[in-house]
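Here's a short set of exercises to work through with the coordinates open. Try each task before you read its solution.

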Amino acid sequence: MSMQIGVKGIREGLLVTLDEGAWEEALPALLQHLDSQPDFFQGAKLILRLGAMPLHAADLARLRSDLFDRGVSLRAILSDHPPTVLAAQSLGLETALPSAEIRESPLDTT
């Protein structure tokens with residue numbers, strides 16, 4: 001089963017929602033999704049919603065680097081997993097945004 005990736009434009013940038021699953025599957029799927037539409041994502045500020053997917057600071061640092069290489073900046077990590085929130089905060093990433101659109105967003109795909 002392939003990883004579903006939802007993308008929605010919100011005030012703060014592009015909200016990208018990943019299906020529940022393993023990061024080892026999610027990262028390549030996310031990067032492939034970005035690579036399939038480089039003009040759309042170029043210069044975007046990405047807010048990544050992970051649900052309960054656990055990530056370490058090293059995972060997030062690699063993600064930020066991979067995104068930077070594609071001209072995309074990682075603005076925030078939204079997670080239900082407290083250690084992931086702490087890892088994101090340790091890298092200076094936002095972990096909450098005020099927009100009501102984030103709470104209401106379904107898993108739409110682009």
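**Exercise 1. Find what share of the 110 residues in the chain is buried, then describe the fold's overall layout.**

Step 1. Buried residues, meaning those under 20% relative accessible area (over 50% is exposed, in between is partly exposed; 1.4 Å probe, protein chains only), make up 46% of the 110 in the chain. A caveat on the input: this is a predicted model, where local features need pLDDT of at least 70 and side-chain atom pairs count only at pLDDT 80 or more, while totals for chains, interfaces and linings use all residues. Residues are numbered from 1 along each chain as its sequence is written, and side-chain values use heavy atoms, with hydrogens and water left out.

Step 2. Go for the surface next: about 5800 Å² is accessible, and 53% of that belongs to carbon and sulfur atoms. These areas come from the Shrake-Rupley method with a 1.4 Å probe; for residues, only the protein chains shown count as cover.

Step 3. Count the elements, which are DSSP runs numbered from the N terminus (helices are H or I with at least four residues, strands E with at least two). You get five helices and four strands, in the order β-β-α-α-β-α-β-α-α.

Step 4. Contacts here are heavy atoms within 4.5 Å. Among contacts with a separation of 6 or more, 71% come from residues 24 or more positions apart.

**Exercise 2. Work out how strands E1 and E2 pair.**

Step 1. Strands pair if DSSP finds at least two bridges between them. E1 and E2 run antiparallel and are joined by six.

Step 2. Look at the turn: the two strands form a hairpin with two residues between them. Ile 10 has Gly 13 in E2 as its bridge partner.

**Exercise 3. Locate the largest nonpolar core and say which element supplies the largest share of it.**

Step 1. A nonpolar core is a set of buried Ala, Val, Leu, Ile, Met, Phe, Trp, Tyr and Cys residues joined through side-chain atoms within 4.5 Å. The largest one has 29 residues, and Leu 18, Trp 23 and Leu 48 have the most contacts inside it.

Step 2. At least two core residues come from each of E1 (5–10), E2 (13–18), H1 (23–36), E3 (45–51), H3 (57–69), E4 (73–79) and H4 (82–90). H1 gives the largest share, seven residues.

Step 3. Check Leu 18: leaving out residues up to four places away in sequence, its contacts include Ile 5, Trp 23, Ala 26, Leu 48 and Met 53.

Step 4. Don't miss the second, separate core of six residues, which includes Ile 10, Ile 47, Leu 78 and Leu 97.

**Exercise 4. Decide which residues of H1 are buried and what covers them.**

Step 1. The buried ones are Trp 23, Ala 26, Leu 27, Ala 29, Leu 30, Leu 31, His 33 and Leu 34.

Step 2. Their cover includes E1, E2, H2 (38–41), E3 and H3.

**Exercise 5. Is each of these two H3 residues buried or exposed: Asp 66 and Phe 68?**

Step 1. Asp 66 sits in H3 and has a relative accessible area of 13%, so Asp 66 is buried. Beyond its neighbours within four places in sequence, Asp 66 contacts Leu 27 and Leu 31.

Step 2. Phe 68 is also in H3, but its relative accessible area is 64%, so Phe 68 counts as exposed. In soluble globular proteins, nonpolar side chains tend to be buried together.
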